[in-house]
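Here is a walk through some side-chain contacts and a few surface spots. Keep the structure open while you read.

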Amino acid sequence: MVDRTTGPAIYSIAAHRGFADALVAGLVPRYADDDVGLARLTLLLPSTRTMRTVSDAFIRHFGAAGQNGMLMPRMAVVGDLDLDEALGSLLDPLGAADIPRAVDPTRRWLRLAELLREELGKDAPRGGALLRMARDLAAAMDRMLVEDIGPEALLDDNVLDLLGDLSGHWQNSLRTFARVQARWLAELNAAGELDAAARRNRLFDFAAQRWKASPPQTPIVAAGVTSAAPALARLLRVVSDLPHGAVILPDLDLAMDDTVWAELGSAGAPDEAGGPPFERGDAVTHPQYHLKLLLNRMGVNRSEVRQWHRKGSGAAPPERTYAISSLFLPPEASKGWVDLPAEKRRLSGVNLMESANPEEEAQAIALLVREAIETPERRVAVVTPDRGLARRIVQHLRRWNIAADDSAGRPLTDTPAGRLFLLLAEVAAENAAPVPLMGLVQHPLVQMGDGRAEWLKQARLFELKLRGPRPAPGLDPLDSMAAEAGVVQWWAAVRQALDPLMNARGEQPFALMLDLLAEAGEKLAEDAIWSREDGRALSALLEDLRDHARNVGTLVDQREIHTVLRDVMEQIAVRPPYGGHPRIAIYGLLESRMSRADLVICAGLNEGVWPATPATDPMLAPPVLRALGVPGADFRIGLSAHDLAGALGVPEVILSRAQRDIAGPAIPSRFLLRVRALLGNDLLKRHELYGPTQMAGLIDDSNPATAYPRPAPVPNLAQRHVRISVTALDRLRSDPYQFYANSILRLAELDPLDAEPSHAWRGTAAHEILEKWHETGRPMADVATEVLQQMNAHPLMRALWRPRLMKALEWVEGTIAAFEGRKPTLFEKWGTMEVRGVEIFGKADRIDTLPGDRLVIVDYKSGGPPSAKQVDAGFSMQLGTIGLMAERGGFEDLQGEAVRFEYWSLAKSDKSETGFGYITSPVKDGSNRSKLEPEDFLPKAEDYLHDALDTWILGDEPFVARLNPDAVNYNTYDQLMRLDEWMGREE
């Protein structure tokens, strides 16, 4: 029984006592009954996660006391908007029938998007941007509803007076918000419904009125509730005044000096009547600010709050609470750190660890966790808001076969089922682009049965044909590729799954698109897409979206479906099934509240992570929120600080950060900087922890690898005796290793999927166009259009590159037309000759004939031609080798003496009438810089040919990598030759 002569029954459990264990340690002797245990007690808790935490604390308590068990108290959840949890049945009774039902959040979101579309008209954003805007608007409405602020508040003088000071953007945003909110509330009234936050407030007031009028005969205790929402504060005040009621707060600092408490600001209780609830100078980032706000709204003075009389089994020294209080002093009060006595800044058991990067931080934390669980019954918790860091830690723990679960879960977008569904949406949105298409058909969930190996074999054959520049959009252009790859039957199965989805183009009903995506997913993956926890979460999301989208009539363009689904699925956390190590927990900030462990590692303590960067409300300007009485964005920094203060209350704490993150150098968290400043230079060195980071650097350390030598393979004579193309001959002289890899090992380069059109691809297209034009004599433009369509060139690429190509081809056409006495005779023909038993082959782009059986050897270049220096050195002798071949009868029906050699470049040229195209020669011709006379060109080419044959093909010289660094080399085989490991280190 509580003595009501001393005021409301409100208690605080200090941080060092351990909230859940201390709570249970006090509740059991006070409320336990020999017959029914704790069954008469009702606990009001903030979330279902807290229910699990408190249940675990009861189990530990009974186990330590040697009891076989006891009936547990009834636990009801008051809910947390951040966790999207419904109120417990105690506060949502059947008797509250007069309170209208709550509208479904998904329906509200979709309907708000439609209202925004109607309100903004042609200025409304499209697709995903519109739905994001609707989500932001819903969040702004909820912020007002939680604070019991109605739409009429937007018309108050203190808000209207601000309009002239706001920018045009904020004025328009405020008007849009007010109009859409008014229309939405009118629809709710007509339907007899309430927003979920408004109904929550009604239920709180209903419970408060009922309990105040007729106090329950059984005890009710509200524990760990820190939300300062006005309706909840009123309910808590009623609970604290009940004959058998109590309110127990976590980590309220009762030792804080009154002047410091006052420095926190007005916190919802302005000094002057009618003043703003939140002043500009309020210390909203302080961890005690939201508790002061709660007490003020409850109408309770801090002096009325009493210390909880018990502590948990894993309590830290009492001095820790004093240090935590000193650590978070507001600016003016923190000046007193200079004279602070040692006992008030004692942080024994708290260590600081700094790593070079997130990977080293994760490895060091994994080592600390591994070491901690060596001690029997020792519990360890890693707390971090950085889910990427949490996943790294989980992976590193697997080194020792330790399964640790991240209780904050992963976004649905990062799970196998979620990724498969998003790939389907991306294929639809990008009209079967190569990368998402191949990612989809090779996804681990697709064809998981006995036929998966054959399925993947067929998919990889198809991928080989798909590599290169993006083909024309849609599935139809891929049919010919499937036929060339020999996977027609496999491709038919893929098309059967995707055709209905791909046929839904343009703006479609959202529900229909979801149906088509789900149908395609089931055809490809069968029930594997739904069978695990991520699939079940995906299924529940789709059912919810589908039902309400159909009801609202939401339309989504097929090009936006991937963006829309990604935004929605990122909000869904998929938590692992429980089955990890029982003494290891990895928490987010919400999950860590009220949890307890013997060792807590607070990781990711950098600005922007812990605390997170405050996000400005996109709908309502900060001055408007302040005038309305809604806490600003910085309010959440105070909640993050309170989370850290609670974590610092355990016996052993490690505060960890990385000096760099993925974006570059990281700034230490303001909380961590306060810890350093509080300790001072004299104590700081005692608390710095270096061992784990050093071990993290050593765990994968090994003896330095021996220097990799410059590759110089020496194949035998039989392996060397290969056919040589004229282009490979140039490569042989410039970089023998590339010739070895390409012509002897036959390792051809693979283009990436959806590759940018390379010079080689453009050259192939240009050569084919010129060949067909020469052969048919049809208009060049018609031939170009036909060839590019046959090559399945993507329309965007055709639109960007075709005009340049046509200008160059127009120059070719005009130049040939102006010939007198010169006739193009041979086009894109293969020729061959045998030299000392070695077959040399190549394709001549064009050979023209002059009077007297003289020949002109022409080589088309889509880019710039080789320099004279490269030709003189023998690294670009293709024209000369083709000339030798022509003189020796290597081309059918062609005889003559090669006297001229020309490069016809299709690149930009100021001298061309079309702006593209020019002719140059590798030999001395007019004013060019070549020192090689025309009559010396073929003998020189023959000398280089025999030298290459003597040295490498018929000789025994090694094929040395990058033998001639001055030559123009391609990077095709750089990885194979491990270039970076020896370049610059060779002797």
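## Phe841 and its ring partner

Start with Phe841, which is buried because its relative accessible area of 17% falls under the 20% cut-off. Keep in mind throughout that this is a predicted model. Searching the whole structure turns up 16 aromatic pairs. In one of them, Trp830 and Phe841 sit 6.1 Å apart, centre to centre, with 40 degrees between the planes, which makes the pair tilted. Trp830 belongs to strand S22 (residues 823-835) and Phe841 to strand S23 (residues 838-850), so the contact ties together parts that are 11 residues apart in sequence. Unlike buried Phe841, Trp830 comes out as exposed, at 55% relative accessibility.

## Other aromatic contacts

Next up is the pair formed by Tyr289 and Phe635. How far apart are the ring centres of Tyr289 and Phe635, and at what angle are their planes? The centres are 6.3 Å apart and the planes stand at 80 degrees, so this pair is edge-to-face. Tyr289 is in helix H10 (residues 289-298) and Phe635 is in helix H24 (residues 635-647), so the pair ties together parts that are 346 residues apart in sequence. Both Tyr289 and Phe635 are buried.

If you like ring clusters, have a look at Trp455, Phe462, Trp490 and Trp491, which are linked by ring pairs.

## Salt bridges

Side chains of opposite charge can pair when their charged atoms come close. How many salt bridges does a search of the whole structure find? The count is 57. One of them joins Glu193 to Arg101, with 3.1 Å between the closest N and O atoms. Glu193 lies in strand S5 (residues 193-194) and Arg101 in strand S4 (residues 101-102), so this bridge ties together parts that are 92 residues apart in sequence. With a relative accessible area of 14%, Glu193 is buried.

Another bridge brings Arg126 and Asp557 together, at 3.4 Å from N to O. Here Arg126 comes from the loop between helix H3 (105-120) and helix H4 (127-146), while Asp557 comes from strand S13 (residues 555-557), so the two tie together parts that are 431 residues apart in sequence. Asp557 counts as buried, at 10% relative accessibility.

## Around Arg778 and Pro779

Arg778 and Glu786 meet through their side chains in a salt bridge, 3.0 Å from N to O. Is each partner buried or exposed? Neither label fits: Arg778 is partly exposed, with a relative accessible area of 32%, and Glu786 is also partly exposed, at 26%. For a salt-bridge network, see Arg822, Arg846, Asp848, Arg900 and Glu902, which are joined into one by bridges that share partners.

Now for Pro779, which you'll find in the loop between helix H30 (759-776) and helix H31 (780-790). Pro779 is partly exposed, at 47% relative accessibility. Its C-alpha atom is 9.6 Å from that of Glu813, a residue 34 positions away along the chain.

## A negative patch

Which residues gather in a patch of negative charge on the surface? They are Glu152, Asp156, Asp157, Asp161 and Asp165. Asp165 sits in the loop between helix H5 (157-160) and helix H6 (168-191). Its relative accessible area is 67%, so Asp165 clears the 50% cut-off and is exposed.

Conventions: Residues are numbered from 1 along each chain as its sequence is written. This is a predicted model: local features need pLDDT of at least 70, side-chain atom pairs count only at pLDDT 80 or more; totals for chains, interfaces and linings use all residues. Side-chain values use heavy atoms; hydrogens and water are left out. Helices (H or I, at least four residues) and strands (E, at least two) are DSSP runs, numbered from the N terminus. Buried means under 20% relative accessible area, exposed over 50%, partly exposed in between (1.4 Å probe, protein chains only). Patches are made of residues with over 30% relative accessible area and no salt bridge: like charges are joined within 9 Å, nonpolar side chains (Val, Leu, Ile, Met, Phe, Trp, Tyr) within 5 Å. Accessible areas come from the Shrake-Rupley method with a 1.4 Å probe; for residues, only the protein chains shown count as cover. A salt bridge is a side-chain nitrogen of Lys or Arg within 4 Å of a carboxyl oxygen of Asp or Glu. Lys and Arg count as positive and Asp and Glu as negative; His and the chain ends are not counted. The place of a charge is taken as NZ of Lys, CZ of Arg, CG of Asp or CD of Glu. Rings of Phe, Tyr and Trp (its six-membered ring) pair if their centres lie within 6.5 Å; planes under 30 degrees apart count as stacked, over 60 as edge-to-face and the rest as tilted.
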